[in-house]
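Open the model in your viewer and keep the selection tool at hand. This tour moves from stop to stop.

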Amino acid sequence: MKVLVTGHRGYVGSRLIEVLKDGGHHVTGCDLGLFEGCEWESPVQADESLVADVRELTPHALEGYDCVMHLAAISNDPMGELQPELTFAVNRDGSVVLARAAKEAGVPRFLFAGSCSVYGKSGTLPVDEAGVLAPRTAYARSKVEAEEQIKLLADEDFAPVFLRSATAYGHSPMLRIDLVANNLLASAHAFGSIRIMSDGTPWRPLIHCRDMARAFVALAEAPTERIRGLAINIGSTDENYQVREIARQVASIVPNAMIEYAADAGPDDRSYQVDFSLLGRILPDFRFEYSLRSGIEELSRKFREHGFGAADFDGPRFVRLRTLQARRELIGHSEAV
Ligand SMILES: NC(=O)c1ccc[n+]([C@@H]2O[C@H](COP(=O)([O-])OP(=O)(O)OC[C@H]3O[C@@H](n4cnc5c(N)ncnc54)[C@H](O)[C@@H]3O)[C@@H](O)[C@H]2O)c1
């Protein structure tokens, strides 16, 4: 397959390049480079790399690809709240522009990196793809609205698919510690304390970033008629966790780390359990490589190898909000900025 991956220098995108290259695919990456210099380890290189804003990609530039995997986004709730107009300009409007260009170029398949955060708050039962969408943040709303608009482009020759992924965690050469499991583990390594910013009761479905990348590749290879225009939850139903359970698992693998609740901890408005059975029906042979336990054990070994400490935890390198705030000029041509 000839594939274009946007956001290939990000946390998930860098793992996706690795999975695609392992599978023998020809890959072009397109990334604005918002996190250049933040590498934790050297990522696998794409065959070709474009340093560009996805909103500048013309239909001509997209000709000849079998699939576009669109991951580029302002992928962060706090950044979305600080500057919602930028989040909508990139995540919704930029995605729609790119999908239209892909369709015009004759690209048959467009995989959109959606998010389970579109469910916002679920009841006590896991919510499936037909469940009510109740996005709680600008980031989640931008994903809902992008899905709605791109879905209208689906036809015989153009198959958009919306991968609503669980919250990612685990080792990546572009490490992030602003994701719940990575954050709790990083805090345990840096301070010997696992700092929970809520009362620990919110539910989150989790997925290892390499498994998320593998799901993109599996869906790029699945028969079109099974997936055209579908939203598909990406994750595993038995990997829904309450934050306090994630903390307990972290405590069980980092010697002497203690769980601490922030002084003003309250319930988090974002709490959802997700049903992932549709993915199993569409891809019956697909298996995840990681559980939370094996994923955090691996990342914990990496933290030890790298000597991860307080300066890493408190600095900008692994926390998107801090880096993005310092680099807003890179997306400065946007009308929204
Ligand atoms: N990480 C998660 O937990 C998670 C969960 C569900 C869905 N997603 C979605 O998966 C995708 C990838 O997430 P991630 O965690 O790897 O994000 P990330 O922030 O680590 O990477 C995003 C990449 O996109 C690039 N980018 C941003 N705006 C761009 C633009 N206008 N043009 C070109 N490049 C641009 C950035 O430079 C960055 O390298 C995102 O769409 C995100 O919303 C992530």
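What follows is a walk through a predicted model, one selection at a time.

**Stop 1: the main core**

Start inside. Select Leu-16, Met-69, Leu-111, Phe-216, Leu-219 and Ile-232. These residues have the most contacts inside the largest nonpolar core, a set of 47 residues. Now colour the elements that feed this core. Strand 1 (2-6), helix 1 (13-22), strand 4 (67-70) and strand 5 (109-115) are among those that each supply at least two residues. So are strand 6 (159-165), helix 7 (209-221), strand 10 (231-234) and helix 10. Which element gives the most to this core? Helix 7 does, with nine residues.

Zoom in on Met-69. Leaving out residues up to four places away in sequence, Met-69 touches Val-3, Leu-4, Val-5 and Thr-6, among others. Its partners also include Leu-16, Leu-20 and Leu-111. Add Phe-216, Val-217 and Ala-220 to see further contacts of Met-69.

**Stop 2: another core**

Next, select Val-180, Ala-181, Val-254 and Leu-299. They belong to another core, of 31 residues, that lies apart from the largest one. In soluble globular proteins, nonpolar side chains tend to be buried together.

Stay here and select Ser-300, in helix 11. Is Ser-300 buried or exposed? Its relative accessible area is 1%, under the 20% cut-off, so Ser-300 counts as buried. Show the side chain of His-189 as well. A polar contact of 2.8 Å joins it to the side chain of Ser-300. Beyond four places in sequence, Ser-300 is also in contact with Leu-185, Ile-253 and Val-254.

**Stop 3: Tyr-290**

Move to the loop between helix 10 (277-282) and helix 11 (292-306), and pick Tyr-290 there. Tyr-290 has a relative accessible area of 17%, so it too falls under the 20% cut-off and is buried. What does Tyr-290 touch, apart from residues up to four places away in sequence? The contacts are Tyr-169, His-208, Arg-210, Asp-211, Gly-295 and Glu-298. With Glu-298 there is a side-chain polar contact of 2.9 Å. Now set a distance between C-alpha atoms, from Tyr-290 to Cys-209. The viewer should give 9.5 Å, for residues 81 apart along the chain.

**Stop 4: charged pairs**

How many salt bridges does the structure hold? There are 18. Begin with a network: select Arg-15, Glu-18, Arg-210, Asp-211, Arg-214 and Glu-289, which salt bridges link together. Two of its members, Arg-210 and Asp-211, are also contacts of Tyr-290.

Then try Asp-53 and Arg-55. Their side chains meet in a salt bridge of 2.7 Å, N to O. Both residues are buried.

Select Lys-103 and Asp-155 next. Here the salt bridge is 3.1 Å, N to O. Lys-103 sits in helix 4 (residues 84-104) and Asp-155 in the loop between helix 5 (138-151) and strand 6, so the pair ties together parts 52 residues apart in sequence. Lys-103 is partly exposed, at 30% relative accessible area. Asp-155 is partly exposed too, at 29%.

End at helix 9 (residues 243-253). Select Glu-245 and Arg-248, which lie three residues apart, about one turn of the helix. Their side chains form a salt bridge of 3.1 Å, N to O. Glu-245 is partly exposed at 28% relative accessibility. Arg-248 is partly exposed as well, at 47%.

Key: Residues numbered from 1 in each chain as written. Predicted model: local features only at pLDDT ≥ 70, side-chain atom pairs only at ≥ 80, totals over all residues. Heavy atoms only, no water. Helix = DSSP H or I, 4+ residues; strand = E, 2+ residues; numbered from the N terminus. Buried < 20%, exposed > 50% of the residue type's maximum accessible area, 1.4 Å probe, protein only. Contact = heavy atoms within 4.5 Å. Polar contact = N/O pair within 3.5 Å; in protein donor to acceptor, adjacent residues only side chain to side chain. Core = buried A, V, L, I, M, F, W, Y, C linked by side-chain atoms within 4.5 Å. Salt bridge = Lys/Arg side-chain N within 4 Å of Asp/Glu carboxyl O.
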